[in-house]
Amino acid sequence: MSDTRVYDIVIIGSGAGGGTVAQELAPLVRDGVRILVLEQGPRFADHEFTGRELEMADALYQDGGGFLTRDGTMTLAFASAYGGSTVVYTGTSLTARERVIREWAVPGLEHADLAERSAKYAEQNNVHLLEAPLINDNNRLFVEGGQKAGYRVEQFPVNVKGCRGSSLCNLGCPNQAKQGTNRVQLPRAERAGVEVVTRAEVRSIAPDRWLRVRVRERPAGAKGAPSEWAPGEYEVQARIVVVSAGAIGSPALLLRSPLPLSRSLGHRFTCHPALILVAEHPHAITNDVGHPKSYFVDRAEEERFVLETCMYFPFVTAKSLTGFGASHSAIMRAFPRLQMILILACDHATPGNRITVDAQGQPVVHYALTAETTDGLVRGTRAAARIFFGAGASRVHAPADPPIIEARDAGHLDERISSRSFRPGTVGITAAHLMGGCVMGSGPVDSVTDAWGRVHGVPWLRVADASLFPDSLEINPYLTIMAVADRVAEAIRRDAPELLASPLEPSHA
Amino acid sequence: MTPFRAVAVTVVPEAAQLDAGGWDELERIVAGAIAARPARLRRQLALLLRCLEWFPLFRYGHRLSRLDPARRTAFLSSLQRSRLLILRRGFWGLRTLVLMGYYGRRAAAVAIGYRADARGWEARR
């Protein structure tokens with residue numbers, strides 16, 4: 001027997017998309033509009049962000065950060081929590097490149113509009129360039145090495161407030177400095193009267209606008225508060241439904257739902273396959289203290305890669321290195337002397353890469369690296385090695401045979417680093433920045449929604465997250481997700497009088 | 001030595017120095033990670049470990065857990081370089097579990113000099 005509840009607007013997901021929509025629609029509560037956010041993950045108390053690697057990865061990430069693609073050769077990192085993946089990113093806040101939005105060619109979506117909305121959220125989230133005294137050696141060496149290698153190095157604007165430099169951003173900031181939706185947009189929405197229910201998984205959406213929702217009990221000893229609702233099965237009806245469950249969760253939910261949707265649903269999934277590279281310096285550097293991601297080199301247009309500074313934790317570092325045994329251990333023991341660079345390949349949407357659901361309705365990610373994407377990783381690895389050596393590293397650990405490249409071989413990087421060493425199943429590739437699956441476009445033949453997140457043929461259903469992106473964004477996506485979600489919220493406000501007046505069918509439970 | 005420990009000390013040679021408590025902790029971490037995975041994956045992993053234990057018998061005349069370290073390394077390297085994706089992927093998954101068990105321990109983080117602290121810069125002054 002299900003408990004039934006009725007709302008005017010239900011938002012599924014509370015990350016950069018859902019959190020933004022919640023804030024932007026919150027003023028409607030004053031007019032008597034009932035708004036509910038359903039978040040699959042838990043709500044964490046400040047003191048629960050301990051920075052302990054396995055403990056936090058297990059609490060925050062889907063499958064502890066090890067969500068596997070169907071063929072098991074790549075892991076995908078995305079969070080499940082109040083605030084979604086904004087809890088675990090590094091706060092990097094870039095505005096989409098004009099070229100990329102132009103190449104997306106979505107009718108009605110202009111770069112100038114996205115840039116304006118991005119600026120609004122940049123201000124709201126305290127986005128700024130980190131002051132020089134807070135930059136650590138790991139980042140300074142990237143600038144130094146990048147300039148010596150002839151690259152244009154840019155500083156990341158970040159959305160932190162009172163950053164103490166824990167370096168633990170990817171495990172959830174233990175000092176609540178990062179201004180994700182869990183710190184800014186969701187609390188504002190809740191103060192305005194929006195209801196947020198955590199540990200609530202939406203299983204499907206029916207054509208009569210009834211949502212099947214399962215609220216889970218907090219497992220014994222687990223982090224996070226219990227759900228705001230009693231554990232159990234619910235049927236929730238809404239006049240407007242906004243799906244913001246991310247590039248895997250949103251298409252999977254819609255694929256589970258008996259709705260008349262575009263056949264393109266689940267298609268055009270893409271991401272930024274990423275590789276962590278490390279180099280050893282002759283002396284200790286500050287690396288595991290300070291903001292981890294302050295600079296980047298954008299070669300997306302020319303060479304299909306972006307390099308970013310990064311600093312990871314012992315297990316993630318260990319699993320990202322190629323090989324095993326004594327040489328692997330030697331690099332790990334050099335941790336205080338390690339410089340790290342993250343290589344992001346810019347992968348364009350291809351027909352085979354897509355989201356489906358299995359017999360249990362669980363998402364399955366079909367993803368294979370194309371030759372062009374592998375080439376981006378190879379080029380990025382060579383460029384990172386040049387930066388490392390330019391910064392004075394004595395050796396670089398990279399996918400190569402053998403994986404250690406000494407400084408004396410710095411002139412032979414093209415021969416040492418080749419696609420032969422990037423075979424699936426031999427390199428630790430992890431992707432974040434998941435995109436596509438419910439893409440925007442002109443009509444139902446090749447897209448799921450229009451440029452305002454309105455699902456073709458289902459006027460009460462909207463999508464507001466990175467699943468709308470019709471192709472790779474080629475940079476860190478959070479600010480653009482917020483800008484797109486802001487458009488979705490604007491369209492909902494515009495359509496609200498008609499949609500909120502529409503009659504609802506009674507429960508069939 | 002169990003087949004899992006034979007793989008573990010080959011992937012991370014320092015694991016051979018672990019005392020009983022250290023092994024308990026490592027194996028508890030791995031067991032926790034496996035328990036959260038689908039039953040199909042758990043069965044595949046158990047099968048892979050059985051295969052890894054017996055395959056070397058045909059090449060070296062001994063099971064994996066009875067091989068000397070050099071031959072264990074050579075055998076696992078051949079899996080890592082295998083033409084068959086299923087073998088490369090299987091070894092990669094097992095290697096990941098070993099690294100999680102070993103480097104997921106607080107003692108290992110201290111041993112390699114990892115010092116991240118919630119207090120950030122303040123903790124270094």
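How close do the axes of helix 4 (residues 111-124) and helix 13 (residues 478-500) of chain A come, and at what angle do they cross? Before selecting anything, note that this is a predicted model, in which local features need pLDDT of at least 70, side-chain atom pairs count only at pLDDT 80 or more, and totals for chains, interfaces and linings use all residues. Residues are numbered from 1 along each chain as its sequence is written, while chains are lettered from A and ligands numbered from 1 in the order in which they are written.

**Stop 1: two helices in chain A**

Select helix 4 and helix 13 of chain A: their axes come within 8 Å and cross at roughly 110°. Axes here are lines fitted to C-alpha atoms, for helices over the stretch in contact, with angles running from 0 to 180 degrees between N-to-C directions. Helices are DSSP runs (H or I, at least four residues), as are strands (E, at least two), numbered from the N terminus. The pair is therefore roughly perpendicular, the label for 65 to 115 degrees.

Now show the side chains. Helix 4 of chain A brings A:Leu114, A:Arg117, A:Ser118, A:Tyr121 and A:Ala122 to the contact, and helix 13 of chain A answers with residues including A:Met482, A:Asp486 and A:Arg487. Two residues are in contact if their C-beta atoms, placed from the backbone, lie within 7 Å.

**Stop 2: around helix 4 of chain A**

Stay on helix 4 of chain A and look down its axis. A:Leu114, A:Arg117, A:Ser118 and A:Tyr121 are buried, meaning that 20 or more other C-beta atoms lie within 10 Å of a residue's own (exposed is 12 or fewer, partly exposed in between; C-beta atoms are placed from the backbone). The buried residues of helix 4 of chain A fall within an arc of 105°, so they line one face; the arc is that of the directions from the helix axis to the C-beta atoms. An α-helix has 3.6 residues a turn, so residues three or four places apart point the same way.

Helix 3 (98-104) and helix 13 of chain A are among what covers those buried residues. Spin to the face turned away from the buried side for the exposed A:Ala112 and A:Glu123. Just after the helix, click on A:Asn126, whose phi is positive, near 60°.

**Stop 3: A:Val37**

Jump to strand 2 (residues 35-38) of chain A and pick A:Val37. A:Val37 is buried, with 27 other C-beta atoms within 10 Å. Beyond four places in sequence, A:Val37 touches A:Ile11, A:Ser14, A:Gly18, A:Ala22, A:Val194 and A:Val196. Try a distance label to A:Ser244 too: 207 residues away in sequence, yet 9.9 Å C-alpha to C-alpha.

**Stop 4: over to chain B**

Select helix 1 (3-11) of chain B with helix 3 (residues 39-60) of chain B, whose axes come within 9 Å and cross at roughly 75°. That crossing makes the two roughly perpendicular. B:Pro3, B:Phe4 and B:Val7 of helix 1 of chain B meet B:Leu49, B:Leu52 and B:Glu53 of helix 3 of chain B.

Zoom in on B:Leu52, which is buried, with 24 other C-beta atoms within 10 Å. Leaving aside neighbours within four places in sequence, its contacts are B:Pro3, B:Val7 and B:Leu64.

**Last stop: where the chains meet**

Finally, show both chains: 35 residues of chain B are in contact with 31 residues of chain A. Helix 5 of chain B gives the most to its chain's side, with 9 residues.

Conventions. Parallel < 35°, antiparallel > 145°, perpendicular 65-115°, else oblique.
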